[in-house]
2 protein chains.
Amino acid sequence: MAANFAYQNIRDFEFIIQEWLPTEKIFNYPQFADYYSKDDIKSVLGPILKMAKEVVEPTNEDGDLNPVKLENGKVTLPPTFGPLFKQLQEEGWGTSNIDESEDAMVLPHILHSMVWEMLAAANPTFGPYIILTSGAAGLIQSFGDDHLKEMFLPKMMDGTWSGTMCLTEPTAGSDVGDILSRAYPTDDPRLFKIKGSKIFITGGDNDFTENIIHLYLARIEGSKPGTKGISLFVVPKYWVNEDGSLGELNDVETTAAEHKLGQHGSCTAALSFGENNTCRGWLLGVDPRENDGKGEGMAQMFQMMNGARMETGHAALSCIANAYYNARDYAKERIQGRPLTNPKGDRVTIINHEDIKRALLCGKAHVEAMRAMMYKTYFAFDVRAHDPNEEERAKANELIEVSTPLCKAYPSDEAWWLIGEAIQCYGGYGYCEEYPVAQIARDVKIYSIWEGTNYIQSMDLIGRKWLMKKGAAFGGFVQEMRDFFEANKGAEGFEKEFENLGRALDAYTQIQMAIGGYFGNKQYGMMPTFARRILTATSQLYCGRLILDQALLAAKKAQEVGPDHFDYEFYTGKVLAARYYLRNVVPNVWAVAEIVKDGDTSVLDIPIGAFEY
Amino acid sequence: MAANFAYQNIRDFEFIIQEWLPTEKIFNYPQFADYYSKDDIKSVLGPILKMAKEVVEPTNEDGDLNPVKLENGKVTLPPTFGPLFKQLQEEGWGTSNIDESEDAMVLPHILHSMVWEMLAAANPTFGPYIILTSGAAGLIQSFGDDHLKEMFLPKMMDGTWSGTMCLTEPTAGSDVGDILSRAYPTDDPRLFKIKGSKIFITGGDNDFTENIIHLYLARIEGSKPGTKGISLFVVPKYWVNEDGSLGELNDVETTAAEHKLGQHGSCTAALSFGENNTCRGWLLGVDPRENDGKGEGMAQMFQMMNGARMETGHAALSCIANAYYNARDYAKERIQGRPLTNPKGDRVTIINHEDIKRALLCGKAHVEAMRAMMYKTYFAFDVRAHDPNEEERAKANELIEVSTPLCKAYPSDEAWWLIGEAIQCYGGYGYCEEYPVAQIARDVKIYSIWEGTNYIQSMDLIGRKWLMKKGAAFGGFVQEMRDFFEANKGAEGFEKEFENLGRALDAYTQIQMAIGGYFGNKQYGMMPTFARRILTATSQLYCGRLILDQALLAAKKAQEVGPDHFDYEFYTGKVLAARYYLRNVVPNVWAVAEIVKDGDTSVLDIPIGAFEY
């Protein structure tokens with residue numbers, strides 16, 4: 001038995017959309033007003049919950065037990081993946097997050113992301129086939145001319161073709177500016193000959209679409225070195241004629257399908273382009289030779305990459321949530337021992353044991369805190385895309401820029417140990433592949449590496465996002481938390497929680513000042529030394545602020561409905577999850593502050609030779 | 001490629017035995033004096049380092065790629081395991097930790113454990129076949145009569161037979177007192193009919209020994225309920241006649257071989273005993289019917305269990321170390337990007353990047369700190385076994401009792417994220433099974449569950465070890481750390497490190513007082529809620545104390561030998577590892593103290609129903 005899909009209901013999603021965030025604003029945008037209101041999200045999410053269980057969950061086991069194979073240059077995928085791809089694309093679940101699409105099916109980001117949280121939980125391996133196709137199509141939509149759009153988009157969105165993003169090369173991963181792929185001009189100024197090798201291409205090959213459209217980074221000869229000189233190309237596996245019909249194989253070969261810790265159903269391909277000098281691709285955007293040697297490829301790719309970073313963190317969150325739900329289901333059934341508070345009583349289900357309750361509440365608190373952060377950010381995606389007020393859009397963009405590294409790295413960092421705790425709840429069974437959590441651990445580990453390692457995210461946070469608009473964007477982000485603190489710090493029943501939030505805010509200022517001081521002293525190595533811990537602290541502070549906001553609302557609602565109401569335990573649980581998070585997780589913010597201020601330099605001082613021991 | 005054995009030298013072992021601990025005391029015991037001195041450990045460990053690489057490492061890949069299979073009741077093991085088992089047993093590596101053996105080959109525990117650290121790193125899956133055989137033989141040695149010893153021991157120790165420990169049952173894991181296995185008297189008072197099912201029996205079956213000797217817990221009818229009424233039996237797979245010859249199958253059947261996250265070469269068997277009512281076993285020790293219904297089984301098994309707990313933690317440590325060494329080797333070769341301190345320079349190997357150095361130093365610091373704790377404890381094993389002075393033996397026993405839960409749980413808890421950091425050093429390659437670290441993560445996860453989950457260890461620490469001898473044993477353990485602090489707190493160059501140690505000691509007192517207070521208030525749920533974090537804090541305090549002691553010595557030696565000496569970097573690295581540990585890890589002790597004192601009760605307050613969301 002592979003990983004179960006153990007989401008039981010959509011109550012937390014309903015709380016986020018219908019009670020917590022002011023989503024009427026979004027549902028009133030002309031894009032959505034005729035189709036949905038915030039009150040009928042159940043009509044969207046209810047069927048998805050059912051589909052995730054009945055249609056997607058079985059493909060997860062198929063993927064884990066029938067890993068991708070490459071034989072004689074041909075890949076074989078888990079047999080259920082093709083039919084699921086077609087079904088989801090035909091039903092429009094892939095298209096529906098492209099803001100500029102004119103399709104009536106378009107969902108707000110915040111709602112669409114809830115759909116994908118459940119689909120990702122049901123089969124984390126499958127999602128990227130669709131998400132990357134949407135991302136690749138989105139790039140053509142944004143940067144292609146009408147002709148290219150006509151040639152590629154309809155078939156990419158109806159499930160006939162798929163798409164990928166091709167960045168990484170054997171010698172250039174995190175430093176994508178050092179790629180060796182080259183593009184050479186042809187007689188047609190739109191077309192270039194492509195030559196290079198790409199690795200770790202997720203969905204890089206499959207056996208269920210007629211074509212695969214690679215969005216490909218390469219350098220046109222004569223362009224600037226580094227990321228500045230890189231351009232983006234549309235490189236189909238099979239050539240696409242001007243009339244949209246398929247031509248010959250475009251000199252693209254699959255040279256390897258990685259054998260991975262998890263994500264066995266995901267085809268992580270090594271691809272060779274132009275081995276026979278017959279690979280061609282369309283340039284997207286300006287030709288660097290007419291632009292001072294500067295290509296637009298990296299900036300263009302970042303449109304896709306930022307979305308992919310959100311989706312990566314979100315997939316990690318869905319794994320954490322699903323592991324927590326699975327552990328809960330097991331703990332409700334497994335009888336073992338007696339809790340310390342009743343050592344002479346009958347044996348009980350282990351969900352009554354303090355340490356199991358601790359592990360489950362720890363899971364629940366992290367899930368709800370991270371979800372608050374993710375959906376607050378997706379809310380901003382909708383505002384940025386559709387709000388008529390330019391200032392609102394700009395503010396939303398700032399929040400997205402600041403939040404993206406947090407949303408990518410924090411869930412994908414914490415997932416490993418949180419899922420480890422879920423394994424621990426199962427005892428020895430957690431180590432057996434017949435139970436669901438081992439696979440979740442194997443599947444989740446990639447997310448801290450994908451789409452920019454979490455170290456890169458932390459450098460993005462501190463090196464870029466702290467400084468954006470001369471610090472005004474990040475300053476506003478912190479000020480908003482301080483305003484929330486000042487406005488609510490007297491809230492009855494949450495005195496200690498607000499005390500902790502206030503202390504974390506002060507500590508965070510100290511972190512920023514300490515890093516500023518190291519820079520002032522030209523101690524440039526200190527920031528990268530502490531960057532990952534600072535990203536974690538930033539996320540914990542922000543998640544603490546958001547889940548506490550949820551708790552204030554939930555406490556009020558709990559009082560309103562009273563203990564006999566069916567929703568009372570949901571609200572109580574929300575309050576206690578926030579309490580746990582503020583009292584057990586947020587204190588790490590000042591622990592990090594103390595360590596950053598201390599400024600231990602052992603990492604910078606150690607000679608490389610000392611690692612021989 | 002499965003996990004490499006990446007230990008390069010035995011320098012840290014030499015430091016521990018030849019420079020740090022007063023091991024001349026041990027090597028002067030009559031047991032060892034004629035055979036070894038502390039100066040010739042290289043003659044033992046050098047060949048083991050070579051054997052681990054050349055002989056054992058290849059079996060690791062074999063084990064991972066050829067997992068144990070069960071077909072028609074017969075198991076098939078990785079083909080290289082049998083020959084390795086015979087070789088190691090014939091060479092005496094298994095026997096050599098049985099204190100009472102009269103074999104000349106006996107090594108001190110401290111040295112023998114270094115042998116096993118390397119063998120475990122080279123193939124974590126293989127070790128238990130031998131270690132459990134030694135443990136089972138040790139129980140017969142301790143509690144069997146001469147006849148049983150004669151029948152079983154020679155063949156168990158020369159590689160002809162193997163041994164196991166059979167505790168867990170489908171419905172009784174952590175609460176072993178609830179086992180359902182039964183033993184029924186026969187006409188021969190030494191022999192009982194055995195009936196029951198056991199699961200998760202490591203080495204429970206194999207295809208390379210002629211017999212398997214199960215040390216089996218069961219309840220004789222009429223004995224007391226719970227752990228008090230349990231007895232221990234010697235239950236061979238094939239009956240052993242009084243003359244030592246093999247009889248028929250003893251009604252023992254293998255009903256499953258678990259399919260696990262890792263440890264693929266380890267046969268984790270479900271066994272059925274007495275399905276046809278013809279399974280028999282020898283009782284070890286007193287018959288409960290003649291002892292007020294009380295059996296000795298649990299106490300006897302704990303002799304083996306305590307050793308197994310040490311070995312489990314030590315195996316986790318060997319995995320952490322091997323993952324760190326592998327990541328280091330990769331980081332020395334992989335070229336990627338530029339460090340922030342030289343952004344316009346040439347591309348460099350990633351070991352020059354701050355975040356990679358941080359991850360490696362974090363690994364190194366944990367390895368050396370944990371090793372200090374493990375070998376300090378093994379040192380006490382030798383004193384307890386051989387010291388002529390009874391008081392010394394008693395003191396050593398106290399240290400072992402206090403340290404065992406720390407040695408078991410701390411490395412096996414931290415291993416998961418530390419190996420996660422090693423994966424992160426590899427980037428995407430870390431997620432590929434062709435590189436060594438993914439397998440180490442899969443293999444290591446069991447150790448936090450085996451031999452008493454880490455929650456059980458934490459309850460053992462707080463519920464038993466804190467209170468042992470009315471608190472005097474643990475009080476002495478803490479006082480020794482305080483004495484060390486007082487004696488050395490002025491040490492030049494270590495001011496901040498000692499400040500942190502002192503603060504951690506104070507914080508630890510606060511943890512103990514807070515838990516005492518909760519007990520006084522009858523808040524019995526608080527201790528289990530915080531127990532696991534307290535165990536971690538205890539270990540970090542103790543490891544901090546030990547590695548700081550090592551650092552004082554290393555700093556002195558570094559000064560003596562000077563910067564041009566080949567050992568200078570070893571000593572410098574030791575100092576910086578201690579610095580890193582005291583400044584970046586030990587602060588968690590006061591973070592835990594603050595959380596324990598705060599006393600959040602959300603874990604105890606949350607209604608089970610709230611976990612539905």
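Biologist: How many helices and strands does the secondary structure of chain A come to?

Modeller: Bearing in mind that this is a predicted model, the secondary structure of chain A comes to 19 helices and twelve strands.

Biologist: What radius of gyration does chain A have, and what would a compact globule have?

Modeller: The general idea is to set the chain against a globule with as many residues: for 613 residues, a compact globule would have a radius of gyration near 25 Å, and chain A, with 25 Å, agrees with that. Along the principal axes, the C-alpha atoms of chain A fill a box of roughly 80 × 60 × 60 Å, and buried residues account for 59% of the 613 residues in the chain.

Biologist: Among contacts in chain A between residues at least 6 apart in sequence, what share joins residues at least 24 apart?

Modeller: In chain A that share is 74%.

Biologist: How should I read the span of helix H9 of chain A?

Modeller: One compares an expected span with the distance between the helix ends: at 1.5 Å a residue, the 37 residues of H9 (residues 297-333) should span 54 Å, and the end C-alpha atoms are 53 Å apart, which agrees. H9(A) nevertheless bends by about 35° at A:Gln303, and the helix is mostly covered, with 28 of its 37 residues buried.

Biologist: By what turn and shift can chain B be laid on chain A?

Modeller: A turn of 180° with a shift of 0.0 Å along the axis lays chain B on chain A with an RMSD of 0.0 Å. That is the relation of a two-fold axis. Moreover, 100% of the interface residues of chain B are also interface residues in chain A, so the copies meet through the same surface.

Key: Residues are numbered from 1 along each chain as its sequence is written. Chains are lettered from A and ligands numbered from 1 in the order in which they are written. This is a predicted model: local features need pLDDT of at least 70, side-chain atom pairs count only at pLDDT 80 or more; totals for chains, interfaces and linings use all residues. Helices (H or I, at least four residues) and strands (E, at least two) are DSSP runs, numbered from the N terminus. The radius of gyration is taken over C-alpha atoms; the globule rule is 2.2 Å times the number of residues to the power 0.38. A residue is buried if 20 or more other C-beta atoms lie within 10 Å of its own, exposed if 12 or fewer, and partly exposed in between; C-beta atoms are placed from the backbone. Two residues are in contact if their C-beta atoms, placed from the backbone, lie within 7 Å. The expected span of a helix is 1.5 Å times one less than its number of residues. The bend at a residue is the angle between axes fitted to the seven residues ending there and the seven starting there. Copies are superposed by least squares on the C-alpha atoms of residues with pLDDT of at least 70 in both.
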